[in-house]
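Reader: I have just been handed a structure to look at, and I would like to learn how to read its salt bridges. Could you take me through them slowly?

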Amino acid sequence: MLDILINYHDAFLRGLAVTLGLVVLIALIGIPFGVAVGVVGARVSRSIGSIVSGIYFLTGAIPILVLLFWMHYPLQSILHVVIDPFWTTVIALGFVNFILTAELVRRELDLLPKAYREAARTLGLPTIKIARFIELPILSRRAIPQLLANQGKMLEYTLFASFISVPELFRVAQNVNAMVYRPVEVYSLLVLFFLIILGPLHLVVRSLEKKYATS
Amino acid sequence: MLHPNLVATKNITRSFSETTARGIFNVSLSIRKGEIVCVLGPSGSGKSTLLRVLAGLEKADHGTISIGNEATMPGEVVYVPQDYTLWPHLTVLQNLVLAPREVRGLPEREVRDEAESLLARFGLEHYGSTYPDELSGGQKQRVALIRALMMRPAVLLLDEVTSALDPELTKSVLDVIRALAKDGYTMLIVTHHISLALAIADRIVFLDEGKITQDTKATSFLHGQTDARILSFIRDIAKKDHAVEIFEGAEQFQAYHMGLLKRLPESSVIHVAGAVGDRWFEPMGAFAEAYTALRVEKKIVWKMAMYEFGTKDRELVEQYPKLNDFRLLPRTLQNPANYNVMGDTVIIQIFGEKPTIMEIQDIDVAEAYLKFFEEMWSVSRPSKP
């Protein structure tokens, strides 16, 4: 196994860079826009909130692989455009991440007891301070573990990019295996990569959930 | 000294539906500085809506609200609801200092000292660094009340703050409210505890279907009550009040009075206000003689301010002048019920087809009624039966 890693480390590193690049771009699209639209949907416009919920339902019903293929082939054909598969993946998964985040924020804000805000209002706290001292801290405690878990899912979803020829980690592993034909070692290496990346993330999510559940 | 109105509402309406009578309609209410007004009424009568409108949490459809003579500062009218509203991510101390620091701009050290001293005053000195989830319901509500006090509010609006608590925890919260009453806070309190209302309120307001149907002095609310709907409501809530017991019908009436006499120490004084002729002797029936005999034996005095002397009263004064101190009240004050005060117990007696006794064992209620009795005594005149 070690010899494969040594001989093909360039390819694996390039694959890892593509995978991590995808994850970072998907998070950069999904989180800030998702938080903004989630807040607007919960506090400014109920109709935007309903649209977010509707799209969340639809994206939940469509397998990610199907969505990715649909955006890669039919949609580009309809629009008469050709987009690099890397960017197609960023757009498709960025959109899914955006919807997941927006719905998470909208739902958590909706679930936030109105009484907390009212107690702050009656004590004279202005809206901006209510958001800063009350709503955002409570919201972040409730939403951050799920938000991190969603980013883990996005990392897993990047594997589907290999089906539209994005040279990410899984695609690299397939290519290396095609050359050396030692599937046990190659795919075990892949497992190891994901364990190293996703394992700590899951531990962080779990410890945050535990911490915030008791305070 | 008569204080000016601190809170005054004029014809405020807040309606939640065009088809149902949910909300409040043309409510006019004024509260003077230092006054405590309790709001009673059936579920859905608009009590919480009234408080929420005054707190600015609901906007009135029309009508005017004025609070104080000048525009109030934020946090001067503080609303404490029945739900637990402590912010869960902050410790008790952080819950207490946040608003005074951020709204009033008071120094951290000063507000912390004040918070710690209030926590100590209400028996929570060891809970400053505790998170709300680790507190009992009673402790949470006490902290919520302290959080309101931290703003040094001009008016406190308390909305059934004990309704989510079991009886044991309820007492600890009611004790805090009583302490605030003694401190002179101006309060508008929605409660189902008739004993609390009678103990601390200056006035009781009855709200029904969103309208104020009665606004009366607290001590007159029970014994002056003629409204059948309110009497039925009082019976219902009294059954849930640990300090109140109700005895209905002639048998229970007789048994109650005999039992009470046996319990009272020798040479006690029973203060009675509102007696009319021989009205009390009718439900007592044959037990009246045994009652008198026991009363004479225990030398228990009737100090009675009454509207009309009856034949039996005349006999009692003639036979036992030292045990019967009777005076006459002006007829204009006449009420359908009377009340007795002895020790820490007040009883309201309502006569009619079904004689009823409502016994309230509460030292604060007894003190309020004794004060009321002295007022009535001072306007009564000595007159030989």
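**Reading a salt-bridge network**

Author: Let us begin with Glu118(A), which is buried at a relative accessible area of 13%, where buried means under 20%, exposed over 50% and partly exposed in between, with a 1.4 Å probe and protein chains only. This is a predicted model, in which local features need pLDDT of at least 70 and side-chain atom pairs count only at pLDDT 80 or more, while totals for chains, interfaces and linings use all residues. Side-chain values use heavy atoms, without hydrogens and water, residues are numbered from 1 along each chain as its sequence is written, and chains are lettered from A and ligands numbered from 1 in the order in which they are written.

Reader: What is a salt bridge, and which side chain meets Glu118(A) from Lys114(A) or Arg52(B) at 2.5 Å?

Author: A salt bridge is a side-chain nitrogen of Lys or Arg within 4 Å of a carboxyl oxygen of Asp or Glu. The side chain of Arg52(B) forms one with Glu118(A) at 2.5 Å, N to O. Arg52(B) lies in helix 1 (residues 47–55) of chain B and Glu118(A) in helix 7 of chain A, so this pair joins two chains; helices (H or I, at least four residues) and strands (E, at least two) are DSSP runs, numbered from the N terminus.

Reader: Where does Lys114(A) lie relative to Glu118(A)?

Author: Both are in helix 7 (residues 114–122) of chain A, 4 residues apart and therefore separated by about one helical turn, and their side chains meet in a salt bridge of 3.9 Å, N to O.

Reader: Which residues are linked in the network?

Author: Lys114(A), Glu118(A), Arg14(B), Arg52(B), Glu58(B) and Asp61(B) are linked by salt bridges.
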